[in-house]
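Here are my comments on the model, as numbered points. Please read them with the structure open.

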Amino acid sequence: MDADILVIGCGPAGIQAAIHASRKKASVVVAGKQSASALSGALIENYMGVPATDGDLLLSTGATQAREAGATVTGMNILSIRRDGDVFEAVLEDGEPVRSKAVVFATGISRRKLGVPGEKELFGKGVSYCAVCDCNFYKGRRAVIVGNDSEAAVSAEMMTSYASETSWVFWEEEADPSLISRAKDAGVSMHRSRPVSIDGSDKVESITLEDGTVIPTDGVFIELGAKSAADLAMDVDVMPEMDDSIKVDQGCFTGVPGVYACGDVTGKPWQMARAVGQGCVAGTSAADFVKGLR
Ligand SMILES: Cc1cc2nc3c(=O)[nH]c(=O)nc-3n(C[C@H](O)[C@H](O)[C@H](O)COP(=O)(O)OP(=O)(O)OC[C@H]3O[C@@H](n4cnc5c(N)ncnc54)[C@H](O)[C@@H]3O)c2cc1C
């Protein structure tokens, strides 16, 4: 399959990139799975002009818009990619090669898991990986933030504005000391011990720690940072940052000719609004590149 642009990722960033590039009359192939998008299974209530909406509905509507604009949405992952002169050659899951003049990385991030019993079973039933996304559901309820670094400290402090009781569980003190103090001052109850299980039958009821403490709670927010799917980028000479994100300029250009990136993979905040905005920029930039306009 030949295309002007290969978009890797069919979350909000990739789909928006495909819509904008296709409407500029570039031929576009989109790889990736809707079910693997961070948006899948989420309820979005902070996107301007859209009432609380199921993430899967947004994704499938977006994919239809991309198809209508002319893009080919494959629903398949990319297994490998390499550069051959001015052309990129990627391989889809079914073995079909995709040759393109430009590539847009919209691969998102994968949220790191805690790996304890109850985490998988109670995901979406009180277990969350995004405090900033789900804090509103915990107004007047109890919440536990789990994580060692500054990300967790900030989430714990923020959660005190919503939850009736906020606890922070960590086992290594890796957060910035000033952020730890702020969390303490905001009334966060601190527990230094590793979680061993998240408990509850059909919703979260408590979390159990290695030292035997059981904290009753309605929600557990796992904030362990994230590892991005930026590895493919290295095969086209883009070196990810230490946190695995891909650095881009204002045009979503990576600095490597023909390679653009957008959405969560380029950094925080990991939010749909930013992913969509950057998708628009990356799709437009990539289309201009293949048409020789930049
Ligand atoms: C539980 C939860 C709740 C959330 N709630 C909100 C909210 O309320 N408001 C908000 O704004 N944001 C929310 N978010 C965040 C939001 O979902 C993300 O910011 C957004 O989805 C990022 O879009 P993206 O396109 O960059 O990445 P993603 O949506 O994660 O998409 C990444 C895509 O890359 C693809 N991919 C990865 N590797 C490959 C490969 N090798 N080949 C092909 N494709 C690949 C995947 O298949 C996927 O399609 C929430 C996230 C979670 C997890």
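1. Start at C252. Leaving aside neighbours within four places in sequence, C252 is in contact with Y260, A261, C262, Q278, V281, A282 and S285. C252 sits in the loop between α6 and β19. Its phi is positive, about 65°, although C252 is not a glycine. Is C252 buried or exposed? C252 is buried, because 28 other C-beta atoms lie within 10 Å and 20 or more are enough to count as buried. Bear in mind that this is a predicted model.

2. Compare D237. D237 also has a positive phi, near 75°, and is not a glycine either. D237 lies in the loop between α6 (231-234) and β19. Here the surroundings are sparse enough to count as exposed: D237 has 12 other C-beta atoms within 10 Å, and the limit for exposed is 12 or fewer. Both backbone values deserve a look, since most residues other than glycine have a negative phi.

3. One cis peptide bond should be checked in the same pass. The bond joins K268 and P269, with omega about 0°. P269 is found in the loop between β19 (259-261) and α7. For context, most peptide bonds are trans.

4. On spacing around C252: V238 is 14 residues away along the chain, and the two C-alpha atoms are separated by 13 Å.

5. Overall layout. The protein has seven helices and 19 strands. Its C-alpha atoms fill a box of roughly 60 × 35 × 35 Å along the principal axes. Does the radius of gyration agree with a compact globule, or disagree? It agrees: a compact globule of 294 residues would be near 19 Å, and the protein has 21 Å. Of the 294 residues, 45% count as buried. Among contacts between residues at least 6 apart in sequence, 60% join residues at least 24 apart.

6. The largest nonpolar core has 57 residues, and I5, L6, V104 and C262 touch the most other members. Helix α7 (residues 272-290) gives the most to this core, with nine residues. A second, separate core has 28 residues, including Y138, W168, V204 and I222. In general, nonpolar side chains tend to be buried together in soluble globular proteins.

7. L6 is worth a closer look. Apart from neighbours within four places in sequence, L6 is in contact with V29, A31, F88, A90, V98, S100 and V103. C262, another of the four core residues that touch the most other members, is among the contacts of C252.

8. Helix packing. Helix α1 (residues 12-23) packs with α7 at an angle of about 35°, and the axes are 7 Å apart. The crossing is right-handed. From α1, the contact takes in P12, A13, G14, I15, Q16, A17, A18, I19, H20 and A21. From α7, the contributors include M272, A275, V276, Q278, G279 and C280, and also A282, G283, T284, A286 and A287. By class, the residues of this contact divide into 14 nonpolar, seven polar and no charged. Note that Q278 and A282 of α7 appear here and also among the contacts of C252.

9. Helix α4 (residues 150-159). Why is α4 described as largely enclosed by the rest of the structure? Seven of its 10 residues are buried, so the description follows. The buried residues are E151, A152, A153, S155, A156, E157 and M159. They pack against α3 (131-134), β11 (142-146), β12 (165-170), α5 (177-185) and β17 (219-222).

10. M158 also lies in α4, but is not on that buried list. M158 counts as partly exposed because it has 17 C-beta neighbours inside 10 Å, which falls between the limits of 12 and 20. Not counting residues up to four places away in sequence, M158 touches A131 and C135. V188 is 30 residues from M158 along the chain, and their C-alpha atoms are separated by 9.8 Å.

Conventions: Residues numbered from 1 in each chain as written. Predicted model: local features only at pLDDT ≥ 70, side-chain atom pairs only at ≥ 80, totals over all residues. Helix = DSSP H or I, 4+ residues; strand = E, 2+ residues; numbered from the N terminus. Rg over C-alpha atoms; globule rule 2.2 N^0.38 Å. Contact = placed C-beta atoms within 7 Å. Core = buried A, V, L, I, M, F, W, Y, C linked by C-beta atoms within 7 Å. Axes fitted to C-alpha atoms, helices over the stretch in contact; angles between N-to-C directions. Left-handed = near helix turned anticlockwise from the far one by under 90°. Nonpolar A, V, L, I, M, F, W, Y, C, P; charged D, E, K, R; others polar.
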